Amino acid sequence: MTTNIKDLEKRIDYLYETILKLKTKEDCKAFFADLCTFKEIEQMAQRAYGAKLFLENKPEQAILLLELEISMENVNPKVFNYLGLAYFQVGEFEKSIEVFSKGISTSGTNKKLLSYNQGNSYFALKDFENAIKAYSLSLTADPNYKEALLNRANAYTMNANYDLA
């Protein structure tokens, strides 16, 4: 059976509308138990809670859950950015660079944002050469990305490449 985009959008909208109609926790449990495997529910819960902790500025706690998420199959592409930024927040810049690199090499991720954040991690380590490379990669995805342009210029300046800044 072939599915076109309109049919897929209708089905996704139906799913969202159905979820919005659920009134109790028991309704939700029954709905997701019918719809998903336990492993899928577990993975969604872990992803949601890790993102919640990250957004609540609790990076140490978020790191534990987000690391588990990355080790699983079918990783949400946003998890790479959350985990890399959590490592950045706790000052573990080398680990943040590793996570951003893994995210950059994973299909379906936001290369522009991951490269930009990787550049910030290199910059924090005063590795301006690699920061320039990361910002340039981000600019490959979006040549008008002002934040990456500014940070690359700052990295050029810190690297004494004033003519390129």
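The lining of the largest pocket is made up of 2 nonpolar, 2 polar and 4 charged residues. This is a predicted model, so please read what follows with that in mind. Besides the pocket, this briefing walks through three helix pairs: α3 with α4, α4 with α5, and α5 with α7.

**The largest pocket**

- The volume of the largest pocket is about 220 Å³.
- On the charged side of the lining you will find Lys-39, Glu-40, Arg-47 and Glu-73.
- Met-44 and Met-72 are the nonpolar members, while Gln-43 and Asn-74 are the polar ones.

**Helices α3 and α4**

- Helix α3 covers residues 38–55, and its axis lies 8 Å from that of α4, at an angle of about 150°.
- The two helices are therefore roughly antiparallel to each other.
- Their crossing is left-handed.
- From α3, the residues in contact are Gln-43, Gln-46, Arg-47, Tyr-49, Gly-50, Ala-51, Leu-53 and Phe-54; from α4, they are Gln-61, Ala-62, Leu-65, Leu-66, Leu-68 and Glu-69.
- Sorted by class, this contact holds 8 nonpolar, 4 polar and 2 charged residues.
- Gln-43 and Arg-47 take part in this contact and also line the largest pocket.

**Helices α4 and α5**

- Helix α4 spans residues 59–71, and its axis comes within 9 Å of the α5 axis, crossing at roughly 145°.
- Here, too, the crossing is left-handed.
- On the α4 side, Pro-59, Ile-63, Leu-66, Glu-67, Glu-69 and Ile-70 make the contact; their partners on α5 are Val-79, Phe-80, Tyr-82, Leu-83, Ala-86, Tyr-87 and Gln-89.
- The classes in this contact are 10 nonpolar, 1 polar and 2 charged.
- Leu-66 and Glu-69 of α4 belong to this contact and to the one with α3.

**Helices α5 and α7**

- Helix α5 (residues 78–89) and helix α7 (residues 111–124) have axes that come within 10 Å and cross at roughly 15°.
- That angle makes α5 roughly parallel to α7.
- The crossing of this pair is left-handed.
- α5 brings Phe-80, Asn-81, Leu-85 and Phe-88 to the contact, where they meet Leu-113, Leu-114, Asn-117, Asn-120, Ser-121 and Ala-124 of α7.
- Among these residues, 6 are nonpolar, 4 are polar and none is charged.
- Phe-80 of α5 contacts α7 and also contacts α4.

Key
Residues are numbered from 1 along each chain as its sequence is written. This is a predicted model: local features need pLDDT of at least 70, side-chain atom pairs count only at pLDDT 80 or more; totals for chains, interfaces and linings use all residues. Side-chain values use heavy atoms; hydrogens and water are left out. Axes are lines fitted to C-alpha atoms, for helices over the stretch in contact, and angles run from 0 to 180 degrees between N-to-C directions. Helices (H or I, at least four residues) and strands (E, at least two) are DSSP runs, numbered from the N terminus. Angles under 35 degrees count as roughly parallel, over 145 as roughly antiparallel, 65 to 115 as roughly perpendicular and the rest as oblique. A crossing is left-handed if the near helix is turned anticlockwise from the far one by less than a right angle, and right-handed if clockwise. Contact means heavy atoms within 4.5 Å. On a 1 Å grid over the protein atoms alone, a cavity is a set of points where a 1.4 Å probe fits but cannot get out, and a pocket is an open set with protein on both sides within 12 Å along at least five of seven lines; lining residues have an atom within 4 Å of a point. Grid points are joined across faces, edges and corners, and a volume is the space filled by probe spheres set on the points.
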